[in-house]
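Me: I have a structure open here and would like to go through some of its residues and helices with you. Could you take my questions as they come?

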Amino acid sequence: MDNIAIELRGIDKSFGPVHANKNINLKVRKGTIHGIIGENGAGKSTLMSILYGFYQADSGEILVDGKPVAIRDPNAAIAAGIGMVHQHFMLVENFTVLENIMLGAEDSQILNKGIAKARVELKRLEREYALEVDPDAVIEELPVGLQQRVEILKALYRRADILILDEPTGVLTPAEADHLFRVLEQLKSQGKTVILITHKLREIMAITDEVSVMRRGEMVATRTTAETSVEELAELMVGRRVLLRVEKGEAKPGEVKLAVEGLTVKDGRGVTMVDNVSFNLRAGEIVGIAGVAGNGQSELLEAISGIRRAVSGSVLLNGKPIDVTGRADPSELRDRGLAHVPEDRHHVGLVLKFEECENAILGYHHDKRYLNGVFLDVDAIRKDAEKRIGEYDIRPPNPRLKTANFSGGNQQKIVLAREMERGPDVLIIGQPTRGVDVGAIEFIHKRIIEMRDQGKAVLLVSVELDEIRALSDRILVMFAGRVVGERDPDATEGELGLLMAGVEGRKEAAE
Amino acid sequence: MDFFHVIVVLLESTIRVSVPLIFAALAGLFTERAGVFDIGLEGKMLGAAFAAGAVAAVTQSVWMGLLAAILISIALSLVHGYASITQRGNQIVSGVAINFIVAGSTVILGEAWFRQGGRTPALGEGSRFQTITFPYADSVREIPILGPIYSDLLSGHFLLTYVAFAMVPISWWILYRTRFGLRLRAVGENPGAVDTAGISVLWLRYRAVICCGILCGFAGAYLSLAMTAGFVKGMTAGKGYIALAALIFAKWRPFNIMLACLLFGFLDALAIRLQGNPLPLIGQVPVQLMQALPYILTVILLAGFIGKAIPPKAGGVPYVKER
């Protein structure tokens with residue numbers, strides 16, 4: 001039997017009525033990269049917080065190198081050789097790299113001596129693990145990838161042998177994520193043990209040796225990565241078979257619901273973000289807008305939904321003009337049958353401090369069925385929210401819960417439920433599955449296709465090309481504010497990729 | 001020469017009125033850098049001044065008076081700490097409550113104990129701070145320029161005055177050159193980083209609050225044991241708030257704090273000096289306007305002249321471990 005770096009036996013933890021971890025058993029072999037995968041809210045982060053001494057388990061035992069240890073606080077975890085890279089970095093932003101690394105491990109009361117020592121040690125770590133970073137740089141001026149590197153260095157500086165990374169790639173660009181994986185491989189080759197928490201199947205397959213799956217607070221399986229598959233892991237995570245690609249029938253496009261003609265939008269600095277864009281959106285079809293983030297898709301959505309003023313152009317909704325260059329406002333458009341699921345649900349779609357039921361009526365709060373004279377009819381609002389929670393399988397099913405306490409997927413369902421349930425003629429959706437877990441993605445995709453099949457016109461913007469190809473009946477590609485091409489959904493990824501990079505488009509536009 | 005003399009006198013009184021501001025603003029520096037906002041500087045200073053006056057009057061010892069001032073001020077700080085750190089209450093409400101409690105109870109206790117309308121008995125020579133005269137101060141006074149600067153501006157202040165100015169570099173050194181200071185600044189920016197580094201956020205913040213108490217104690221003792229001989233009700237007269245303004249104006253940095261306090265002190269001294277004297281060109285100015293001058297300038301300076309003052313990021317927010 002190989003060496004076991006960490007073993008958890010019967011870890012159990014509840015927060016009030018929420019049973020976050022149920023009798024968890026886990027063995028992590030020394031010198032491996034061990035993935036822990038599960039949907040948002042499956043209890044991964046809680047488990048790791050227990051391992052790092054942030055919370056105390058209600059019962060159960062932790063063994064490090066075969067010996068039981070009591071981890072009462074992060075100090076004890078550090079002493080046991082456990083280091084953690086948190087999902088939200090635990091860095092002091094206006095401190096230098098060096099100060100952040102030293103914090104809590106300063107050696108002496110007076111800083112000077114410690115600083116010299118820390119510099120030397122940091123240099124050694126940089127060489128050993130190829131983790132270069134300027135020790136005197138201020139954290140807030142570093143890109144996210146480097147900030148994360150500082151977190152890793154912090155753990156190594158405290159002589160961690162076991163490194164826990166909680167959703168490390170959520171904030172990284174693909175290139176930064178690749179670099180992180182190389183660093184993790186390097187750590188592994190030096191004999192460190194890495195625990196990688198994620199909900200992204202691709203990452204698990206790419207880098208881990210073994211993977212454990214959590215579902216609703218339980219550890220449901222451990223697999224050797226090489227012997228499992230994305231499909232099996234997805235099924236274990238969700239607890240049922242998951243369709244990674246939704247099935248849909250032929251579209252039956254009807255009359256034009258939304259006609260965009262020569263729309264041009266500038267941003268606050270006067271830069272043209274949307275440049276003379278025209279297209280039609282018909283009832284019963286999904287038009288996907290593909291493109292690398294920042295090529296005008298966001299501004300296009302905002303202009304059509306009345307959030308941002310256009311410079312010129314016209315938009316017809318159900319044959320009647322929307323005053324996109326003037327006083328079009330979202331509430332008027334909502335009344336005229338245009339619903340909008342914004343890209344940024346945290347800042348635009350929801351008020352995170354509100355209760356679920358309050359967010360469920362946001363923008364529709366003038367609706368007579370929620371009003372009792374000039375007052376809100378709280379009972380009606382809650383009853384309505386409960387109904388919707390059931391239909392959209394929003395968890396936990398509590399309309400009084402603060403929206404911030406829902407997982408990303410469930411928050412997105414709250415927005416979708418609000419916008420879809422009023423039966424709009426035109427539905428505009430931005431990034432429907434950003435930060436959403438696998439099970440919820442499938443649900444959301446199905447709903448979008450249902451909307452189409454009910455004869456609604458759907459405009460979909462996503463930076464996930466797979467999503468665009470899976471859902472759209474027609475694909476428009478945007479580059480530098482212009483629509484540079486229209487393709488069928490069976491266009492190859494390579495073909496669309498060239499358009500998105502602006503290579504093919506220029507020729508086409510010139511012709 | 002006469003003009004020069006006026007300047008020296010003006011600067012000398014600037015130093016005198018700046019001392020409690022410097023103590024109080026440095027006190028605020030310690031707690032606010034640790035993420036605990038403290039609008040109760042005023043109350044702590046007043047409580048300390050009362051304790052100092054009362055104890056010094058009874059014991060006839062200036063040192064017992066100072067000790068009492070510091071202890072009372074620490075006790076009030078711990079109340080604020082308990083409310084805002086342990087109980088995670090609203091820090092502004094807690095601070096305001098302390099101000100009110102102290103403003104009322106000092107008068108009640110003073111009247112009950114000494115029956116002098118809320119005052120403490122006037123202190124004699126031995127039970128208050130005396131000014132310190134530097135060596136040869138009298139003999140070099142006649143030397144032009146340097147003489148008066150040495151004899152009148154630098155010499156002849158109270159011990160606490162020199163302590164106040166010494167506290168500026170000392171506070172800087174503690175905050176920027178010691179482990180405690182590094183951790184204290186960190187906990188005011190991101191307590192999560194401190195917690196995950198294995199350091200107790202609560203204990204660290206309590207220590208910061210105690211530092212604040214000590215310094216406010218000095219500020220209060222200066223008012224009743226040095227600047228005047230005994231406690232008078234409401235004798236802080238908004239100095240705690242001015243110190244708070246100086247702290248923000250100084251962007252939470254020790255040396256800036258000293259400069260800001262000296263500036264506010266100068267305005268105050270100027271206002272006293274100009275009372276009753278007609279200004280050239282303008283003529284007679286109402287006393288009230290002169291007295292309001294420091295406050296008006298504070299508002300103007302704070303509103304437009306210092307750029308953006310960025311407070312410690314975790315300031316005012318009680319620490320709760322995230323789920």
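Me: Let's start with A:Leu63: is it buried or exposed?
Reply: In this predicted model, A:Leu63 has a relative accessible area of 6%, and because the cut-off for buried is under 20%, A:Leu63 counts as buried.

Me: And where is A:Leu63 placed in chain A?
Reply: A:Leu63 belongs to strand β4 of chain A, which covers residues 59–64.

Me: Which residues is it in contact with, leaving aside the neighbours within four places in sequence?
Reply: With those neighbours left aside, A:Leu63 is in contact with A:Ala5, A:Ile6, A:Glu7, A:Arg9 and A:Pro68. For A:Ala5, the separation from A:Leu63 is 58 residues in sequence, and 8.1 Å in space from C-alpha to C-alpha.

Me: Staying in chain A, what about the backbone at A:Glu167?
Reply: A:Glu167 is not a glycine, yet its phi is positive, at about 45°. The residue sits in the loop between β7 (162–166) and α6 (174–189) of chain A, and with a relative accessibility of 10% A:Glu167 counts as buried.

Me: Then what is the phi of A:Asn318, and where does A:Asn318 lie?
Reply: A:Asn318, again not a glycine, has a positive phi of about 50°, and A:Asn318 is found in the loop between β14 (312–317) and β15 (320–322) of chain A. Its relative accessibility is 30%, so A:Asn318 counts as partly exposed.

Me: Which residues does the cis peptide bond at A:Pro396 join?
Reply: That cis bond joins A:Arg395 and A:Pro396, with an omega of about -5°. A:Pro396 is in the loop of chain A between α13 (378–391) and α14 (408–420).

Me: Switching to chain B, where is B:Asp38, and is it buried or exposed?
Reply: B:Asp38 lies in the loop between α1 (2–33) and α2 (41–59) of chain B, and B:Asp38 is buried, its relative accessible area being 1%.

Me: What does its side chain make a polar contact with?
Reply: The side chain of B:Asp38 makes a polar contact with that of B:Lys44, at 2.3 Å. Leaving aside neighbours within four places in sequence, the residues in contact with B:Asp38 are B:Thr31, B:Glu32, B:Lys44, B:His80, B:Cys212 and B:Leu244.

Me: B:Leu244 is in α10(B), so how many of that helix's residues are buried?
Reply: Helix α10 of chain B, residues 239–249, is mostly covered, with nine of its eleven residues buried. Among them are B:Leu244 itself, B:Ile242, B:Leu247 and B:Phe249. Just after α10(B), B:Lys251 takes a positive phi of about 55°.

Me: And B:His80, what is α3(B) doing next to α4(B)?
Reply: The axes of α3(B) (residues 62–86) and α4(B) (residues 91–114) come within 9 Å and cross at roughly 150°. Because angles over 145 degrees count as roughly antiparallel, α3(B) and α4(B) are roughly antiparallel to each other, and their crossing is right-handed. On the α3(B) side the contact is made by B:Leu76, B:Val79, B:His80, B:Ala83 and B:Ser84, and on the α4(B) side by B:Gln91, B:Ser94, B:Gly95, B:Ile98 and B:Val102.

Me: How do the residues of that contact divide into nonpolar, polar and charged?
Reply: In the contact of α3(B) with α4(B), five residues are nonpolar, five are polar and none is charged.

How values were computed: Residues numbered from 1 in each chain as written. Chains lettered and ligands numbered in written order. Predicted model: local features only at pLDDT ≥ 70, side-chain atom pairs only at ≥ 80, totals over all residues. Heavy atoms only, no water. Helix = DSSP H or I, 4+ residues; strand = E, 2+ residues; numbered from the N terminus. Buried < 20%, exposed > 50% of the residue type's maximum accessible area, 1.4 Å probe, protein only. Polar contact = N/O pair within 3.5 Å; in protein donor to acceptor, adjacent residues only side chain to side chain. Contact = heavy atoms within 4.5 Å. Axes fitted to C-alpha atoms, helices over the stretch in contact; angles between N-to-C directions. Parallel < 35°, antiparallel > 145°, perpendicular 65-115°, else oblique. Left-handed = near helix turned anticlockwise from the far one by under 90°. Nonpolar A, V, L, I, M, F, W, Y, C, P; charged D, E, K, R; others polar.
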